Amino acid sequence: MKKSVRINVNGETRESEVEPRLLLVHYLRDVLGLTGTHVGCETSLCGACTVMVDGRAVKSCTMFAVQADASDVTTIEGLASDGELHPVQQGFWERHGLQCGYCTPGMILAAAQLLERNPSPTREEIRHGLEGNLCRCTGYQHIVEAVEYASKAVISDK
Amino acid sequence: MARYVGQRVKRTEDPRLIKGLAHYVDDIRLPDTLHVAFVRSIYAHARINGVDTDEALKAPGVVAVFTGKDVSEKIGPVPCAGNLPDLKVPDHRVLATDRVYFVGHPIAAVVATDAYSARDAAELVVVDYEELPAVVDPEEAARDGGPVIHEKFGSNVAYKLTAGEGDIAAAFASSDRVIKQRVTNQRLAPIAMEPRGVLARYFPGERELTLWSSTQIPHLMRTQVALMLAIPENKLRVITPEVGGGFGSKLNVYAEEALLGWISMQTAKPAKWIETRRENIQATIHGRGQVGEIEIGCREDGTLTGLRYNVVADLGAYHQLLTPAIPTLTGLMLSGCYKIPAIQINVTGVFTNKMATDAYRGAGRPEATYVVERALDLVADELNLDPVEVRRRNFPSPEEFPFKTATGLFYDSGNYEGALSKALENAGYEKLREEQKRARDEGRIVGIGVSTYVEICALGPSQAMPAGGWESATVRIEPTGTVTVMTGASPHGQGQETSFAQLAADELGVDLNDVTVVHGDTSIVQYGIGTFGSRATAVGGTAVFVAIERLKEKATKIAAHLLATDAANVAFNEGIFSLKAAKGKSAAAGDGTAAKDSDEVPEPMLPAGQDPAGALPEPAEGRTKVTIQDVALAAHLGRELPPDTEPGLSATYFFEPKNFTFPFGTHICVVEIERETGEIKFRRYVAVDDCGRVINPMLVDGQVQGGIVQSIGQALYEEVVYDEMGQLVTGTLMDYAVPRASMIPWMELDRTETPTDVNPLGVKGVGEAGTIGATPAIVNAVVDALSPFGVRHIDMPVRPEAVWRIINNSDE
Amino acid sequence: MIPAQFDYAAPATLDEALSLLAEHADDAKILAGGHSLIPAMKLRLAQPALLIDIARVRGLSYIREDGGRILVGALTTHYEIESSARLRDICPLLPECAASIGDVQVRNKGTIGGSLAHADPAADWPAAIIALRAELVVASTRGERVITSDDFFVDMLTTALRPDEVLREIRIGVPPARTGQSYMKVHHPASGFAVVGVAVSLTLGVDGKCSAAGVGVTGVASKAYRATQVEGALAGSTLDEKTISNAASHAADSTDANGDIYASADYRRHLAVVYTRRAIAAAVAKI
């Protein structure tokens with residue numbers, strides 16, 4: 001009944017026996033204890049559970065852990081490198097892109113994906129790129145500014 | 001002294017949140033935790049003939065299944081703090097027994113070793129329902145002859161209330177015009193991104209129960225849950241870890257909180273329940289839910305003479321904590337920011353087969369502001385005046401404050417014209433009107449909406465509150481010099497860990513990073529009221545401020561002793577106590593026994609928490625200056641204290657405000673409507689808000705922006721819809737539309753700053769301003785756009801179809 | 001939030017997957033990207049006993065050209081289609097439609113085959129597939145067959161796929177020169193699905209008249225449909241404004257339109273007309 005999965009999470013290979021129905025988000029949270037990935041809805045609409053699977057932002061509540069077998073997964077805990085915040089994380093801090101923080105990990109990963117594909121997005125493109133993530137606190141304006149900040153930081157780094 | 005206050009200081013709570021290292025309830029892991037899944041009613045109204053739990057009990061991992069029969073005698077009723085004359089209060093048990101009253105009404109709790117097994121077993125519980133006719137429409141509920149929900153009351157009317165001052169009949173009789181309009185404030189779901197959740201742990205030996213709960217009110221919850229479970233309040237500890245948004249929905253005590261505690265006590269194991277989003281929309285409180293008729297009287301010149309609001313409030317099946325009280329806040333705010341000599345509200349609160357309504361961001365005030373601001377536009381339309389002009393003519397001038405309303409309030413301070421003028425200027429109002437005229441000539445449909453609002457904040461004086469209106473703070477300087485601020489408020493995203501630290505750092509002259517703000521743990525923090533009603537900074541921040549003042553008084557005494565002088569001779573600036581008199585001379589002004597005359601440069605300030613040897617540093621002797629850290633150390637060592645001085649350096653203050661505060665502002669919205677489809681597009685959004693003195697402008701902007709977007713939700717998108725059978729049509733986020741980033745305009749924000757004398761900080765509160773000011777601005781803009789089609793009002797949420805029908809059915 | 005239990009198989013080849021499906025046709029479901037199936041399973045609206053995950057079957061994800069046809073593997077994600085520079089050149093309707101689906105995360109994981117096989121009446125792909133007169137290649141242990149887009153969608157959440165069949169490939173004729181295409185959609189404010197979605201592909205002949213017209217409409221009725229009267233009115237015309245407007249006015253003729261709290265049946269029909277006209281005009285502008 002259980003299946004074994006081997007998933008590289010934040011650079012570390014993890015092996016587990018899981019029920020096929022175990023959602024990836026529950027695998028990350030309950031099996032690996034990576035609780036930075038949140039659950040905000042049941043219908044793949046809020047984006048709080050967004051993680052990167054093989055470099056693509058996906059909703060980890062709409063994926064079984066078995067589907068991620070042999071994949072590379074990056075969660076919010078793995079986004080900073082060598083203690084250095086990712087530019088999007090920095091932008092969220094600088095521009096007050098979060099209040100309660102619950103949507104933030106998913107929002108940050110979606111924004112990171114956006115900037116990977118489009119390093120200098122317009123405000124409209126940022127809003128469009130974050131359509132898969134709900135925030136109930138900020139009204140999104142500071143989030144847009146946070147992504148703009150990150151975009152400038154990434155560009156000036158290059 | 002203000003190095004931090006007034007600055008855009010980055011939040012100290014952010015690093016843990018942006019790294020995914022913060023702990024919300026579901027992130028707390030205890031060994032052997034049991035998981036609870038609920039069986040909830042699929043009917044709005046039904047008799048329960050039986051609940052068969054046999055199969056569920058046999059399912060793998062299941063530890064227990066509890067039904068209403070098991071717990072009703074053991075756990076007290078879910079509390080309601082609303083105290084109104086002749087209020088009908090149904091007996092609200094944590095699990096249904098013989099009847100269910102709304103879709104989502106909990107019937108059984110399935111306890112299992114993991115969440116998956118609990119859910120599986122919950123599917124195996126068989127409930128024998130006998131469906132009964134549902135009461136869905138609140139106006140029908142108010143009428144006699146239909147089905148009655150709580151039979152012992154004989155009707156669905158929970159209360160009737162009339163309030164207001166002035167002779168409204170005479171006012172209308174003497175008016176040139178009296179305008180009436182039916183208005184609704186639809187039901188909304190708060191949708192905090194983190195659903196509710198509870199983790200309970202009982203230690204049978206210690207007889208101690210700990211509840212981790214996603215709540216805005218840890219202390220009030222402790223009191224209420226202790227009463228429900230009949231355990232000593234001092235044996236219950238409530239901890240609110242990170243809370244993922246509340247908006248009023250977590251300003252409550254729910255069935256699940258007591259039940260989880262009880263389950264942990266029964267099983268002697270930790271028990272956890274995390275709400276799903278479907279449960280959240282079914283069984284976490286809703287907001288608004290008012291339908292009524294507004295009547296407003298005026299003279300030909302636009303002067304207002306009287307206002308009456310007859311309203312039916314859709315309370316739902318039970319009272320939650322503040323359910324019946326919310327419409328009374330609507331009544332209080334019906335004067336808006338206008339001089340209206342006679343005001344009356346007639347509320348009929350009715351039971352319906354739905355989830356309870358209660359405080360949702362604004363809690364009664366958005367409803368009031370909406371009806372008043374819509375009414376002002378009706379007056380403008382009726383008299384063919386500019387809506388701005390009608391508002392101006394009825395403002396009290398800044399000199400008229402404190403301004404008494406016919407609803408019995410005293411508005412503390414205000415300059416309504418100031419905020420209005422600034423907003424008009426920022427928006428370029430005259431030019432907007434010209435552009436609108438041109439657009440109309442081109443056949444485009446453009447509307448400009450204005451709302452000038454006032455709200456009631458900083459709730460509030462205890463006289464006006466069901467369970468205390470004060471707030472508490474303890475400020476302590478630790479032996480190593482770091483500062484701990486404990487606030488009875490329980491912030492959950494508003495950023496008081498930062499803004500209170502800004503206050504403390506400035507007042508004590510320490511580094512911001514040396515201040516830690518602690519909240520949300522009833523075993524650590526002195527009793528507090530909580531975070532709601534835009535009160536945390538105005539009331540809780542003031543408590544912090546006064547506690548610091550008291551702490552400084554004591555510190556000054558100790559410093560004087562260390563400096564061998566009188567407290568009167570000691571000045572405190574930027575963290576350093578020094579002698580006020582000319583340098584070098586006055587150190588010996590005292591009796592000379594404690595300090596030696598010295599011109600030596602004082603010892604360098606020891607950085608907080610840094611002592612390479614690990615031992616506590618000795619205070620330096622013979623000084624003209626001592627740092628607050630030196631004083632803290634001396635206070636803890638206790639060897640060098642003035643007579644009659646307690647050791648330690650800590651102060652606690654409970655601040656009781658003498659009044660509410662009344663922030664205000666002007667919001668201006670420009671929309672354009674697509675003629676063919678009725679689709680509404682934002683063109684501009686301009687707001688000027690006045691929340692008194694500002695501690696952190698960045699946080700204030702964030703509150704306003706978030707509030708405006710929740711308003712956009714109410715104005716255009718959101719509605720909890722039950723069908724005629726009482727089934728929840730908008731039961732998931734597939735149907736309940738929370739605004740997304742792509743759906744909203746850029747918000748052009750500005751401020752005026754009119755301080756209040758209600759508290760020494762001069763702050764008023766801002767948490768709900770956006771949600772109160774914006775909704776009518778948006779709807780007024782839509783109505784303005786549609787006015788050429790003969791429209792004076794449109795109901796929320798304004799869906800494109802309704803707009804299209806107006807355009808389509810008109811012959812403009 | 002928590003799906004019911006199921007068995008799981010992740011075959012490496014299509015043949016293996018087809019055998020499994022043939023064996024368990026009654027209670028098995030094919031899992032591709034999972035973005036239609038998993039949400040239904042989480043709400044326990046779907047409770048298959050066996051999930052056959054075809055994501056590990058090699059060679060089901062591709063965008064190829066072959067003798068005047070575009071071949072899209074069923075496992076190709078919305079994002080892969082959205083970001084295909086080649087498709088943008090030769091059949092821009094596909095990337096345009098892909099880009100309007102859900103959100104970034106959904107497009108990263110959801111597949112065209114999964115979406116088509118699920119046949120949600122408000123999904124976007126069916127409109128495009130109908131407008132493009134695509135052929136759907138379905139496979140089973142009995143062999144392969146081709147179903148036309150007109151025959152594929154049977155009813156709400158029901159396709160012409162038999163229980164033992166898997167959608168393997170979508171085939172589209174490379175649109176000839178002087179073709180213009182467009183997809184236009186009213187997003188449902190909550191779900192992001194199409195309240196109305198209209199896909200249009202128009203080709204202009206050498207005589208300056210419309211030589212081929214494809215118009216697919218989704219969101220309006222219990223299944224996506226071909227707006228045959230619209231196509232008929234466009235074919236042979238010069239695609240002038242008046243013709244377009246007249247043609248579009250038939251977008252919802254003889255349609256049993258859905259109604260919900262957001263849009264009544266009347267309003268949906270009206271939107272279908274307006275968006276058909278706009279989509280046609282946008283397609284014409286791109287010729």
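**Reading the A–B contact and two sheets**

Me: How many residues does each chain bring to the contact?

Reply: Chain B contributes 44 residues and chain A 42 residues, two residues being in contact if their C-beta atoms, placed from the backbone, lie within 7 Å. This is a predicted model, in which local features need pLDDT of at least 70 and side-chain atom pairs count only at pLDDT 80 or more, while totals for chains, interfaces and linings use all residues. Residues are numbered from 1 along each chain as its sequence is written, and chains are lettered from A and ligands numbered from 1 in the order in which they are written.

Me: Which helices of chain B each supply at least two residues of the side that touches chain A?

Reply: They are α1 (14-18), α9 (277-283) and α18 (697-717). Helices (H or I, at least four residues) and strands (E, at least two) are DSSP runs, numbered from the N terminus. The largest share of that side, 7 residues, comes from α18(B).

Me: What is the make-up of the side of chain B that touches chain A, by class?

Reply: It has 20 nonpolar, 13 polar and 11 charged residues. Ala, Val, Leu, Ile, Met, Phe, Trp, Tyr, Cys and Pro count as nonpolar, Asp, Glu, Lys and Arg as charged, and the others, Gly among them, as polar.

Me: In what order do the strands of the open sheet in chain A stand?

Reply: Strands of a sheet pair through backbone hydrogen bonds, either parallel or antiparallel. In chain A, 5 strands take the order β2-β1-β5-β3-β4, with mixed pairing; two strands pair if DSSP finds at least two bridges between them. β2 (12-18) and β4 (56-59) are the edge strands, each pairing on one side only. Strand β3 (residues 50-53) of chain A runs antiparallel to β4(A), joined by 4 bridges. A:Val53 has A:Arg56 in β4(A) as its bridge partner.

Me: Which helix packs on this sheet of chain A?

Reply: Helix α3 (residues 104-117) of chain A does, touching β3 and β4 of chain A, and its direction makes about 45 degrees with that of β3(A). Axes are lines fitted to C-alpha atoms, for helices over the stretch in contact, and angles run from 0 to 180 degrees between N-to-C directions.

Me: How many strands form the open sheet in chain B?

Reply: There are 7, in the order β3-β5-β1-β12-β9-β10-β11, and the pairing is mixed. β3 (62-67) and β11 (236-239) of chain B each have a single partner strand, so one side of each is left without a neighbour in the sheet. The twist averages 20 degrees from one strand to the next. Strand β10 (residues 208-213) of chain B runs parallel to β11(B), with 4 bridges.
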